[in-house]
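Here is a short tour for anyone who likes to look at a model before computing with it. Have the viewer open and follow along, section by section.

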Amino acid sequence: METAGVAEQLTDGIVALDSGIDRVPDATYGRRAMQLARMTGLGLAVAPGVALSFDLVRRLAEGAPFPELPEPPGADVPLVLRLSPLLRGLGGPDSLTGLGLAPDTLGPLGERIGADRARGQLARLITDFAALVHGLDLSALAGVRPHDGSVIRLDADGLGRLLSRYADLTGRAFPGTRTEQLAAAVTAMWKAWNGRSARLVRLAKGAPEQTGPGLVLQAMQFGGAAGLSGFGVFEQVDAGNGTPGRFGSFQRFRDVTLPGDPGTAPPEGPLCELPPSVLADLDTAGAALTRDAGDAFRIEFALLSDRLLLLDAMPVRRNARSAVRIAVDLARQGAISRERALLQIEPKSLIEYLHRQVAAEAPRDVIAAGLAASPGAATGRIVFTAGEAQAAAARGDHAVLVRGETGPEDIRGMHSAAAVLTLRGGMSSHAAVIARGMGVPCVVGATGLRIDLAGRRLLSADGRAFGPDDSLTLDGTAGEVMAGPVDLIAPELTGALSDLLGWADDVRSLGVRANADTPAEARIARDFGVDGIGLCRTENMFFDAARITTMREMILADCPETRQAALERLLPMQRADFVEMFGIMRGLPVTIRLLDPPLHEFLPTGPEETAEFARAMDLPVAEVTARARDLFEVNPMLGMRGVRLGVVMPEIYEMQARAIFEAAVEVNRGAAAPVVPEVMMPLVSAFRETELVKDRIDRVAAAVRTEQGVDFQYRLGIMVETPRAALRAGDLAATSAFLSFGTNDLTQMTYGLSRDDAGRFMREYVNLGVFDEDPFLSLDVEGVGELLLIASRRGRARNPRLTLGLCGEHGGDPSSIRFCKLAGFDYVSCSPFRVPIARLAAAQASLLTRSSAEPDG
């Protein structure tokens with residue numbers, strides 16, 4: 001009675017492929033079984049068979065008796081055993097053919113396909129079985145050719161020698177029944193699936209270590225000598241760019257069985273060798289799968305004496321470009337909705353679509369060449385360790401990570417780097433594979449370069465040395481390494497990506513702005529479809545060579561009159577910047593952050609630069625040095641910076657406000673879509689700070705209105721970067737039109753972490769589980785996120801019309817964007833080249849929250 005119960009339970013884990021896809025879910029039986037059931041249900045030509053569930057395979061491997069198989073495939077038909085994991089390519093053997101064959105059972109098969117071929121099939125089963133179950137290599141004795149897997153015909157004596165050798169090496173005769181063979185094969189496949197190498201593959205791909213596998217048993221199909229036979233792959237689209245068409249290959253054989261035992265293997269040929277009727281059948285099969293599953297498929301097939309048989313189907317492998325084209329085309333065809341098309345694309349994958357390239361006319365100082373491992377181009381300063389790359393990214397600097405070769409310990413640094421260069425490795429090396437997956441430009445195997453770690457130098461074949469203060473440009477498309485910066489061109493957002501982002505804009509309610517400090521960056525942002533500029537850092541405008549001397553003169557002035565004179569010379573420069581910026585962004589909001597960094601950052605940094613500045617100022621070097629010393633601060637990032645400058649040196653912010661307002665008046669004359677500048681005070685921590693600065697800015701605005709005889713609008717807001725500002729948001733919102741959260745500094749101050757130094761230990765902290773993720777890369781929802789929620793609630797309780805934005809690097813991170821959507825923010829702001837990612841992520845956030853209580857704007 002107990003045995004009958006066990007048998008009934010085991011039978012419950014077996015389902016026929018023609019039972020319908022609803023009865024063969026991939027979560028229970030694996031992806032291959034599900035697709036075969038789908039194809040069978042669509043009436044496509046698939047070999048009959050059954051699927052074994054994950055749970056049944058586990059119990060069989062643990063010693064449960066193998067159950068009787070239902071029809072089909074039947075009791076006497078040789079079988080093919082095929083792996084069916086939840087996800088493809090996750091390790092383990094793929095298939096075993098001919099199960100059920102034995103010396104005593106060859107007669108019926110020999111009558112069908114000939115005695116020689118039947119013995120060859122058994123020889124193939126014995127060798128593959130020995131390899132899978134016992135780890136033995138009998139291929140030489142069986143006559144298996146290593147280069148193509150084909151089997152030389154064996155006579156009866158040869159087959160007998162093979163069986164004897166098997167028995168000698170294993171200590172037992174080759175199993176004579178299908179049930180014995182299946183039990184051993186299932187157990188071996190289960191063990192191989194759970195072996196160390198297979199588990200490492202799954203771990204590397206982020207897949208669950210213990211999921212599956214299921215198995216599929218199908219009846220073998222045999223071709224004859226007449227007609228065309230072979231194996232092929234058919235794809236409905238070009239996997240490289242998503243263009244629709246017929247793509248793939250076909251390999252002709254003298255005779256074929258499913259899925260193995262080819263005859264002599266000629267070179268792989270094009271699909272055009274197939275008869276038109278077969279191509280039409282493949283088109284029909286692909287179209288049926290697309291209608292049913294809403295995807296473009298790669299179909300593996302066999303041709304058996306002109307008879308088409310489908311072996312498997314899986315979504316076409318795709319990169320970012322082809323993924324976007326495929327999704328958009330499917331939506332246009334009505335196979336999927338636009339909303340599903342938007343959800344199918346991983347936002348971060350658009351990095352690959354958005355690669356910069358080296359300008360064709362740009363001069364190239366090539367110091368080395370290697371393999372073009374990952375496309376795109378980038379410029380950055382040289383770093384030699386992953387920690388240095390992370391520290392550079394935390395500072396907002398671009399870095400090129402230079403290594404002999406990379407390993408798993410370098411992955412976080414590769415995420416942070418603008419580009420990766422290795423001296424060793426090929427196209428399948430760690431650096432190449434990881435960089436391509438991340439969309440980071442990469443050159444591997446660069447010849448002629450040498451790393452001097454002791455001297456922290458990169459040495460080129462022509463004798464030049466490059467250190468941490470030097471820049472490199474990597475062209476991952478051409479495989480070239482160039483000295484210094486090189487002109488790069490931005491990618492174009494056209495075609496399918498443009499359509500996809502247009503659909504995203506129709507869906508999303510969260511605004512996407514750009515962090516842009518120069519007119520050039522504003523143009524890029526506008527081309528990328530931003531809703532405005534969320535952060536314009538005015539300090540970057542003063543580092544221009546034509547302005548830095550005047551800026552230093554203003555900083556080192558020993559009296560208000562001298563400082564005011566310098567500011568008057570800076571005013572037209574600053575105004576010109578804003579005129580150009582406003583003209584580019586006409587009709588869109590532009591948030592301008594008043595001067596933020598400590599003043600020492602603008603001062604000369606070395607003796608030569610100090611001496612040059614002293615000559616320009618006609619001052620003794622000692623006097624310049626003394627004045628600079630007066631500005632020294634022990635911790636300048638928490639010292640005289642941000643709004644504190646505006647309080648202590650109000651004339652600086654007054655000059656900037658005047659430049660902003662005069663530029664707005666100039667641009668708005670006769671404009672149908674006037675600019676409404678948003679003036680932002682940085683690093684606020686006390687309400688009184690905002691009162692003092694707001695009063696002065698309002699007075700400047702009134703003066704400009706009087707002088708120009710023109711009215712204009714502006715909005716005044718606060719950049720929330722300190723925990724105290726977040727906690728006192730209710731007070732700050734009383735006189736503010738907006739709060740914009742600078743999550744870079746807010747994260748730094750909340751954690752007590754230096755962005756410049758955290759890279760030294762961040763990898764260990766994440767690996768040890770101290771942090772789930774680097775909080776400077778993805779918003780810390782539990783800590784910083786709670787501060788944002790507190791601030792948003794208190795701010796809007798005091799001022800219901802308060803605009804909320806986020807302008808840190810988190811503004812381009814999809815998970816952080818979804819948090820902002822859930823928190824009721826109005827916009828995020830990120831670097832221009834991350835704008836398309838943010839637009840798509842914002843649309844996905846809207847789609848994923850539609851069913852929640854929060855209304856979707």
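## Helix 32 and what follows

Glycine 824 comes after helix 32 and has a positive phi, near 80°. Keep in mind as you look at such backbone angles that this is a predicted model.

Helix 32 covers residues 814-822, and serine 816 is found in it. Which residues of helix 32 are buried? They are Pro814, Ser816, Ile817, Phe819, Cys820 and Lys821. These buried residues pack against two helices, helix 31 (784-798) and helix 33 (835-848), and against two strands, strand 28 (803-806) and strand 29 (827-830).

## A closer look at serine 816

Is serine 816 buried or exposed? Its relative accessibility is 1%, and because buried means under 20%, serine 816 counts as buried. Setting aside residues up to four places away in sequence, serine 816 touches Ser778, Leu779 and His810.

## The strands beside helix 32

Strand 28, one of the elements that the buried residues of helix 32 pack against, is a good place to look at side-chain directions. Thr803 and Gly805 point one way from the strand, Leu804 and Leu806 point the other way, and all of them are buried.

Strand 28 pairs with strand 27 (residues 738-741) in the parallel sense, over four bridges. Within that pairing, phenylalanine 738 has threonine 803 of strand 28 as its bridge partner. Strand 28 also pairs with strand 29, again in the parallel sense, this time over two bridges. Here the bridge partner of leucine 806 is valine 828 in strand 29.

## Antiparallel pairings elsewhere

Strands of a sheet can pair in a parallel or an antiparallel way, in both cases through backbone hydrogen bonds. For the antiparallel sense, turn to strand 6 (residues 229-237): nine of its nine residues are buried, so the strand is largely enclosed by the rest of the structure. Strand 6 and strand 8 (residues 297-304) run antiparallel and are joined by six bridges. Phenylalanine 234 has isoleucine 299 of strand 8 as its bridge partner.

A second example is an open sheet of three strands, with the order 16-17-18 and antiparallel pairing. Strand 16 (450-452) and strand 18 (465-466) are at the edges, and each has a single partner strand, so one side of each is left without a neighbour in the sheet. Strand 16 is joined to strand 17 (residues 457-459) by three bridges in the antiparallel sense. Among the residues involved, isoleucine 451 has leucine 458 in strand 17 as its bridge partner.

## Cavities

How many cavities of 30 Å³ or more does a search of the whole structure find? It finds two, and the second largest cavity holds about 30 Å³ of space. The residues that line the second largest cavity are Gly646, Pro650, Tyr653, Glu654, Val693, Arg696 and Ile697. Helix 25 (650-668) and helix 26 (687-708) are the elements that give two or more residues to this lining. Sorted by class, the lining has four nonpolar residues, one polar residue and two charged residues.

## Cysteines

A search for disulfides across the whole structure finds zero. Two cysteines show how the surroundings can vary. Cysteine 559 counts as partly exposed, at 23% relative accessibility. Cysteine 830 is buried, with a relative accessible area of 1%.

## Alanine 61 and a distant stretch of sequence

Alanine 61 is found in helix 4, which covers residues 54-61. Its relative accessible area is 18%, and since buried means under 20%, alanine 61 is buried. Between alanine 61 and alanine 184 there are 8.3 Å in space, C-alpha to C-alpha, although the two are 123 residues apart in sequence. Leaving out neighbours within four places in sequence, alanine 61 is in contact with Thr187 and Trp190.

## The chain as a whole

Stepping back, the protein chain has 33 helices and 29 strands. The chain has 857 residues, of which 54% count as buried. Among its contacts with a separation of 6 or more, 68% are between residues 24 or more positions apart.

Note on methods:
Residues are numbered from 1 along each chain as its sequence is written. This is a predicted model: local features need pLDDT of at least 70, side-chain atom pairs count only at pLDDT 80 or more; totals for chains, interfaces and linings use all residues. Side-chain values use heavy atoms; hydrogens and water are left out. Buried means under 20% relative accessible area, exposed over 50%, partly exposed in between (1.4 Å probe, protein chains only). Contact means heavy atoms within 4.5 Å. On a 1 Å grid over the protein atoms alone, a cavity is a set of points where a 1.4 Å probe fits but cannot get out, and a pocket is an open set with protein on both sides within 12 Å along at least five of seven lines; lining residues have an atom within 4 Å of a point. Grid points are joined across faces, edges and corners, and a volume is the space filled by probe spheres set on the points. Ala, Val, Leu, Ile, Met, Phe, Trp, Tyr, Cys and Pro count as nonpolar, Asp, Glu, Lys and Arg as charged, and the others, Gly among them, as polar. A disulfide is a pair of cysteine sulfur atoms within 2.5 Å. Two strands pair if DSSP finds at least two bridges between them.
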